[in-house]
Structure formats: C-alpha cells, structure tokens
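Hi everyone, thanks for making the time. I'd like to walk you through one structure today, so have a look at the sequence and the model while I talk.

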Amino acid sequence: MNAIEKLQSERQRVVARLAEIDRILGQYEELQRIAESYLSSGAPHTAHTGTVTDSVKTQEEAQHEPSVTEPNLPRVKSPKTPMVEFERVVTELLSEAEVPLDRSALYKALLDRDIAIGSPDESSDLNTLSVRMSRMKDKVVNVSGHGYWPKDRAFLPGGYVPTGVGDMPSQDVTSESDLA
C-alpha cells in the first residue's frame, strides 16, 4: 500500500468516525429536546434512578447484542411543524401581506400562528427558517432588500416581476445562498 492509499484509508476511517460522532450528538440533542418538552409540558414526573447515558449504547456494544431496546422515553409531539403545514402557513402569510416579509417578521408571524421551527433558540430557529424557505423556491422569492414574497406576484417597488409576466425581466432577487 503506497502513501496515497494509506492516506485515503485513514481519511475514510476518520470520516466514518466523524459521522458516528455526529449521529451520537444528534441522539443526545434529540433526547435533550424531548426532555425539555416533557419537563415543560406539566406532566407528572417520576423518579428514575438511571441516567440517560445508561440507556444509550455505543455502536460497538450494539453490534455485539442482537436485540437492543430503545430507552423507555415518554412520547412527546414532535417540536418541529411538518414541512407541508409550514409551507401552507407561509404561503397564506405572504399572500395576505402587502409588502414582502423579512426573515424576522416572517419568523414572528409564524410564531403567532403556532408554527414551531424546531430549533432550541431564536438564532438557530432563524437559520432553520432560511433553510426551510430555500426549499420553497418554486413558491417564494426573496426580493433583495425587502424580504420573502410570493413568486407569482409582482412587487414593483422592489423591482420584482414574475418571469413571463409583462416585458420586464425579474431583477433584484436574491437566493438564500446570497444571504449567507
């Protein structure tokens, strides 16, 4: 095995380990969200002598045990609003708006309608909102300097005209990647 093959092999091992670490961190974050949701729900709490780490097995332990059971956690409603519902509410909000909504205004309007973005804090929620909005490119545009707007509706003060409407080309529209 030459030096390049050794380095490629080592890289694959490190990438696999990082993926495993990301998976474990994701599990801990999910457990934390479930615990926080459970604790804030007002449900009666029972004492548990074990710790969270007692019920989480490492990958190596799980490989040696044919039947690994999941920790017995209370079932809590998912903290994140499903994408279909999110898109429906965003579409309603933007169609009702007289001007484009910037990210913060859209975030506040979504919270007013009990839409949960699903992140642990507002800063993360705003980033997640941007990601979710980028998945709606077929329905929504981000008019530069103004905010989110229905893709099929003109916003002349921002210079936005939907493609195929009139003779004016669409302009001053940014994508999510331009905002980063």
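I'll go from the overall fold to the core, then to one glycine, and finish with the charged pairs.

First, a reminder that what you see is a predicted model. The protein chain contains 7 helices and 3 strands. If you follow the sequence, the order is α-α-α-α-α-α-β-β-β-α. Of its 180 residues, 24% count as buried. The exposed surface of the chain comes to about 12,700 Å², and carbon and sulfur atoms supply 53% of that. As for contacts, take those with a separation of 6 or more: residues 24 or more positions apart account for 54% of them.

Now to the inside. Which residues have the most contacts within the largest nonpolar core? They are F86, V90, L106, L110, L129 and M133, in a core of 24 residues. At least two core residues come from each of α4 (83-96), α5 (103-112), α6 (122-134), β1 (140-143) and β2 (147-150). The largest share belongs to α4, with 5 residues. As general background, nonpolar side chains in soluble globular proteins tend to be buried together.

Let's take L129 from that list. Leaving aside residues up to four places away in sequence, L129 touches F86, R103, L106, Y107, L110 and I117.

Since α4 gives the core its largest share, let's stay with that helix for a moment. Its buried residues are F86, E87, V89, V90, L93 and L94, and the cover over them includes α5, α6, β1 and β2. There is also a nice check on its geometry. With 14 residues at 1.5 Å a residue, α4 should span 20 Å, and its end C-alpha atoms are 20 Å apart, so the two agree.

Next, the glycine I promised: G147, in strand β2. Is G147 buried or exposed? Its relative accessibility is 6%, under the 20% cut-off, so G147 counts as buried. Setting aside residues up to four places away in sequence, G147 touches P100, L101, D102, V141 and N142. The C-alpha atoms of G147 and R103 are separated by 6.8 Å, although these residues are 44 apart along the chain.

Finally, the charges. How many salt bridges does a search of the whole structure find? It finds 8, and I'll show you three.

In helix α1 (residues 3-40), R13 and E10 lie 3 residues apart, about one turn of the helix. Their side chains meet in a salt bridge at 2.7 Å, N to O. E10 counts as partly exposed because its relative accessibility is 37%.

Also in α1, E30 and R33 are 3 residues apart, so about one helical turn separates them. They form a salt bridge with the closest N and O atoms 2.8 Å apart. Both partners are partly exposed: E30 at 32% relative accessibility, and R33 at 27%.

Why would that spacing suit a pair? An α-helix has 3.6 residues a turn, so residues three or four places apart point the same way.

The third one takes us back to α4, where the side chains of E85 and R88 meet in a salt bridge at 2.5 Å, N to O. Here too the partners are 3 residues apart, about one helical turn. Salt bridges that share partners join E85, R88, E92, E96 and R113 into one network.

That's my tour. Happy to take questions!

Methods: Residues are numbered from 1 along each chain as its sequence is written. This is a predicted model: local features need pLDDT of at least 70, side-chain atom pairs count only at pLDDT 80 or more; totals for chains, interfaces and linings use all residues. Side-chain values use heavy atoms; hydrogens and water are left out. A nonpolar core is a set of buried Ala, Val, Leu, Ile, Met, Phe, Trp, Tyr and Cys residues joined through side-chain atoms within 4.5 Å. Buried means under 20% relative accessible area, exposed over 50%, partly exposed in between (1.4 Å probe, protein chains only). Helices (H or I, at least four residues) and strands (E, at least two) are DSSP runs, numbered from the N terminus. Contact means heavy atoms within 4.5 Å. The expected span of a helix is 1.5 Å times one less than its number of residues. Accessible areas come from the Shrake-Rupley method with a 1.4 Å probe; for residues, only the protein chains shown count as cover. A salt bridge is a side-chain nitrogen of Lys or Arg within 4 Å of a carboxyl oxygen of Asp or Glu.
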